[in-house]
Amino acid sequence: MWPMDKSAELEQRLGYLNLDEEDLEQLSKLIEAGDQTRVGELVPQALGDGVSPVTILEDALIPGMDAIGDRFQAGEIFIPEMLLAARAMHAALEVLRPQLADAGAKPAGRVVLGTVRGDHHDIGKNLVGIMLEGKGFEVVDIGSDVPPEKFVDAVDDDVQIVAMSALISATLPAMKETIEALEKAGLRGGIKVMVGGGPLDQAHADSIGADAYGRDAAVAAVEALALVT
Ligand code: B12
């Protein structure tokens, strides 16, 4: 039943048990509940019903992940629940990837993308990759928990941007170390560095000498284009 019915009554009826309502709020709840199977069914159904992939992402999937984070912080849930939610999110992103990336444009440039050392979070990074592809970038995804030297090794003559993600405050120093490693390798002058992730803001990006900061994947794609044009 699209578009979404936001009534309090519906909210009350939903919960995790009644998974039959087809609306964005239910999808958000399914992400929270880590129900990969139902998410994998509902996302294509929503797309088929004409809901835009950006609406699905921003009004259902990301709020679901945010709710999971809040509940983790409040001590209501633990790592296994977060992992289930992450798995469901991955399933949804796989379906949305082609829609979000909406190919066609010729490569705007090559981006090396990774999550910094010590940090295994990759959902935000993957989303940034999808949005960059959508803007016509070729994305070289070098994964998560990436040490500075691996970022350095991934930079070749065609790379214009190194994009780093960090979700854990304690891994922010690794971002600075990676920029220093790029400098030490003599590569910093030829590339732009873009950073993002939960614990970062523009001030932090400035303080470590990054060229750009993106608060979300859509902004990341716009910033990346601005860096190369
Ligand atoms: C899912 C999740 C996990 C999953 C990760 C699965 C995976 N494959 O990614 C698992 C269960 C493995 C996990 C583990 C841990 N987690 Co965790 N996790 C989360 C959670 C709930 C969601 C993260 C997420 O995917 N969000 C959705 C995406 C779309 O958003 P995003 O990542 O922020 O990305 C967006 C922007 O930040 C930006 N962006 C991101 N990267 C980049 C890069 C660039 C270049 C740009 C421009 C933009 C950009 O664009 C993205 C899209 O819009 C968050 C809570 C939260 N609300 O963030 C906690 C959270 C990040 N985790 C946290 C913690 C503490 C941990 C653990 C240390 C827990 C533990 N005690 O073991 C471990 C860390 C393990 C490790 N070494 O990495 C804390 C971090 C606190 C902090 N600031 O230090 C959080 C904030 C939870 C909390 N509230 O306490 N986690």
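A residue is called buried here if 20 or more other C-beta atoms lie within 10 Å of its own, exposed if 12 or fewer do, and partly exposed in between. The exercises below apply this cut-off to a predicted model.

**Exercise 1. Describe the protein chain as a whole.**

Solution. Begin with the secondary structure, which comes to ten helices and five strands in the protein chain. Next, apply the cut-off for burial to the 229 residues of the chain, of which 39% count as buried. Finally, turn to the contacts in the protein chain with a separation of 6 or more, and note that residues 24 or more positions apart account for 70% of them.

**Exercise 2. Determine which residues of helix α3 are buried, and how they are placed around its axis.**

Solution. First, locate the helix: α3 covers residues 36-48, has 13 residues, and reaches 19 Å from its first C-alpha to its last, which is close to the 18 Å expected at 1.5 Å a residue. Second, list its buried residues, which are V39, L42, V43 and A46. Third, consider their directions: because these residues cover an arc of only 105 degrees around the axis, they are on the same side of α3. Fourth, look at the face turned away from this buried side, where the exposed residues T37, P44, Q45 and G48 are carried. Fifth, ask what the buried residues of α3 pack against, and find α2 (24-33), α4 and α5. As a last step, follow the chain just past the end of α3, where G50 takes a positive phi of about 95 degrees.

**Exercise 3. Carry out a similar analysis for helix α10, and state what covers its buried residues.**

Solution. Start with the length: α10 has twelve residues and reaches 17 Å from its first C-alpha to its last, close to the 16 Å expected at 1.5 Å a residue. The buried residues of α10 are A217, A220, A221 and A224. Their arc around the axis is only 100 degrees, so they are on the same side of α10. What covers these residues includes the strands β1 (109-115), β2 (137-141), β3 and β4, together with the helix α6.

**Exercise 4. Classify G134 and D145 as buried, partly exposed or exposed.**

Solution. Take G134 to begin with, which lies in helix α6. With 20 other C-beta atoms within 10 Å, G134 reaches the cut-off and is therefore buried. The C-alpha atoms of G134 and A101 are separated by 3.6 Å, although these two residues are 33 residues apart along the chain. Now take D145, which is found in the loop between β2 and α7 (148-154). Because D145 has 16 C-beta neighbours inside 10 Å, it counts as partly exposed. D145 also has a positive phi of about 55 degrees, although it is not a glycine.

**Exercise 5. Work out which parts of the chain supply the shell around the ligand.**

Solution. Count the residues first: 38 surround the ligand, and the closest are G69, G124, S165, G196 and G214. Then sort the residues of the shell by kind, which gives 21 nonpolar, twelve polar and five charged. Next, assign them to elements, where α4 (53-73), α5 (79-101), α6 (123-134), β3 (159-165), β4 (192-196) and α10 (217-228) each supply at least two residues. Of these elements, α4 gives the most, with seven residues. Finally, consider the domains, and note that the shell draws at least three residues from each of domain 1 (8-101) and domain 2 (109-228).

Conventions: Residues numbered from 1 in each chain as written. Predicted model: local features only at pLDDT ≥ 70, side-chain atom pairs only at ≥ 80, totals over all residues. Helix = DSSP H or I, 4+ residues; strand = E, 2+ residues; numbered from the N terminus. Nonpolar A, V, L, I, M, F, W, Y, C, P; charged D, E, K, R; others polar. Domains from an automatic or database assignment. Expected span 1.5 Å × (residues − 1). Arc of directions from axis to C-beta. Contact = placed C-beta atoms within 7 Å.
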